[in-house]
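This briefing sets out the interior spaces, nonpolar packing, aromatic contacts and backbone details of the structure shown below. Please read it alongside the sequence and the coordinates.

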Amino acid sequence: MKITTLIENEAPESGQLCAEHGLSMLVEIDDQRFLFDTGASGAFLDNANTLGVSLAPLDAVIISHGHFDHSGGVARLLQECPAARRFVLGKGYFEEKYKRTPEQTRYIGTRFTRHQLEQAGAELVWVEGKQQLSDHLWAVGGFERTNDFEALNPAFVLGEQGTQPDPFADEIALVAECRKGLVVLAGCSHVGVVNLLRTVQPRFAQPIYAVIGGSHLVEADENRIRKTAQALEEMGIERCLLSHCTGAAAADYLRNQNKVPYGENHTGDVWEFEC
């Protein structure tokens, strides 16, 4: 399996690749090609061209959850990649998502509509539990909340009135079955990266070898960061390649406390795992 990070918050200093607050990764596995998220703007397509990565054909496009920084490139993808017509989404994906602050309630939801997909002739695949995508790749949703330190952020709400907390029921991850164990790709882990991983592991009855992507520790306090690191260590995860919404404080802690094998995943990075 080969994973190419097409866009992320940070890019190499060469300036040849774009960076933005968003995430997009291309997964090549079982002689198939899957796009996981599309960043905020569609600039991932420019990076793909710069990297010499072709996005034709794509066997499926998986959107981890309905926030703009993961779905913003879909409109451009539909225009430039006519073969990208199979979309894998979590149940409830098109709920209207907002972020509430003392100043305003701001729409931060998906940047495409179901009507756009239907007009383009797209096939929609809905995920609740486990959905097999290829011999070794699965989309997984329906994450269980199993701890007391990964509380949902009350600032994320459904509907413009902001009266209903967003449970992120639509969030999905990719799980690859590889030789050394499971490789989990997470978009943002709004449900909590530990909740996400502890849901995945028993469903496959295999150890988790690596986790790649967003952990949403950017808003975590010291207690949550410490307990997250402890849980990752207890699960025996051998590669933590986090980025996007992980945050500097969590990254520094994970990098320096020497219990979790921490690394970062940024624009242009390529990772390979034997399946």
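**Buried and exposed backbone outliers**

Phe-168 has a relative accessible area of 3% and is therefore buried, since the cut-off for that class is under 20%. The model described here is predicted. The points below begin with the backbone and then turn to the spaces, the cores and the aromatic pairs.

**Backbone geometry**

- Phe-168 is a residue other than glycine with a positive phi, near 55 degrees.
- Its place is the loop between strand S12 (164-165) and S13.
- Ala-205 likewise is not a glycine and has a positive phi, near 55 degrees; Ala-205 sits in the loop between H5 and S15.
- Ala-205 has a relative accessibility of 66%, and because the exposed class begins over 50%, Ala-205 counts as exposed.
- The peptide bond between Ala-56 and Pro-57 is cis, with omega at about 0 degrees.
- Pro-57 belongs to the loop between helix H1 (44-51) and strand S4 (60-62).

**Pocket and cavity**

- The volume of the largest pocket is about 220 Å³.
- Fourteen residues line this pocket, and those nearest its centre are His-21, Asp-69, Lys-99, Phe-156 and His-216.
- By class, the pocket lining consists of six nonpolar, four polar and four charged residues.
- One cavity of 30 Å³ or more is present in the structure, and the largest cavity encloses about 30 Å³ of space.
- The lining of the largest cavity is made up of Ala-151, Leu-152, Asn-153, Ser-189, His-190, His-216, Glu-219 and Arg-224.
- Two of these cavity-lining residues are nonpolar, four are polar and two are charged.

**His-216, in both linings**

- His-216 is among the residues nearest the centre of the largest pocket and is also one of the residues that line the largest cavity.
- The loop between S15 and H6 holds His-216.
- With a relative accessible area of 8%, His-216 falls under the 20% cut-off and so is buried.
- Beyond residues up to four places away in sequence, His-216 touches Phe-156, Cys-188, Ser-189, His-190, Arg-224, Cys-245 and Thr-246.
- Among these contacts, Phe-156 is another residue nearest the pocket centre, while Ser-189, His-190 and Arg-224 are cavity-lining residues.

**Nonpolar cores**

- The largest nonpolar core contains 35 residues, and Val-184, Leu-196, Leu-197, Val-200, Cys-240 and Leu-254 have the most contacts inside it.
- Two or more residues of this core come from each of strand S10 (137-140), strand S13 (173-178), strand S14 (181-186), helix H5 (193-204), strand S15 (208-214), helix H6 (222-234), strand S16 (239-243) and helix H7 (248-256).
- Of these elements, H5 contributes the most to the core, with six residues.
- Leu-197 touches Val-184, Ile-208, Val-211, Leu-232, Met-235 and Ile-237, leaving aside residues up to four places away in sequence.
- Another core of 28 residues lies apart from this one, and its members include Val-127, Ile-172, Cys-178 and Leu-185.

**Gly-213 in strand S15**

- Gly-213 is part of strand S15.
- The relative accessible area of Gly-213 is 0%, so this residue is buried.
- Outside residues up to four places away in sequence, Gly-213 touches Leu-23, Met-25, Ala-186, Leu-241, Leu-242, Ser-243 and Thr-246.
- Gly-213 and Thr-5 are separated by 208 residues in sequence, yet their C-alpha atoms are 9.3 Å apart in space.

**Aromatic residues**

- Nine aromatic pairs are found across the whole structure.
- Tyr-93 and Phe-112 make a stacked pair, with 5.5 Å from centre to centre and 25 degrees between the planes.
- This pair links distant parts of the chain, 19 residues apart: Tyr-93 is in the loop between strand S5 (86-90) and strand S6 (97-100), and Phe-112 is in the loop between strand S7 (105-107) and helix H4 (114-119).
- Tyr-93 and Phe-112 are both buried.
- Tyr-98 and Tyr-107 make an edge-to-face pair, with 5.3 Å from centre to centre and 70 degrees between the planes.
- Tyr-98 is buried because its relative accessible area is 9%, whereas Tyr-107, at 34% relative accessibility, is partly exposed.
- A single aromatic cluster is formed by Phe-87, Tyr-93, Phe-94, Phe-112 and Trp-126.

Key. Residues are numbered from 1 along each chain as its sequence is written. This is a predicted model: local features need pLDDT of at least 70, side-chain atom pairs count only at pLDDT 80 or more; totals for chains, interfaces and linings use all residues. Side-chain values use heavy atoms; hydrogens and water are left out. On a 1 Å grid over the protein atoms alone, a cavity is a set of points where a 1.4 Å probe fits but cannot get out, and a pocket is an open set with protein on both sides within 12 Å along at least five of seven lines; lining residues have an atom within 4 Å of a point. Grid points are joined across faces, edges and corners, and a volume is the space filled by probe spheres set on the points. Ala, Val, Leu, Ile, Met, Phe, Trp, Tyr, Cys and Pro count as nonpolar, Asp, Glu, Lys and Arg as charged, and the others, Gly among them, as polar. A nonpolar core is a set of buried Ala, Val, Leu, Ile, Met, Phe, Trp, Tyr and Cys residues joined through side-chain atoms within 4.5 Å. Buried means under 20% relative accessible area, exposed over 50%, partly exposed in between (1.4 Å probe, protein chains only). Helices (H or I, at least four residues) and strands (E, at least two) are DSSP runs, numbered from the N terminus. Contact means heavy atoms within 4.5 Å. Rings of Phe, Tyr and Trp (its six-membered ring) pair if their centres lie within 6.5 Å; planes under 30 degrees apart count as stacked, over 60 as edge-to-face and the rest as tilted.
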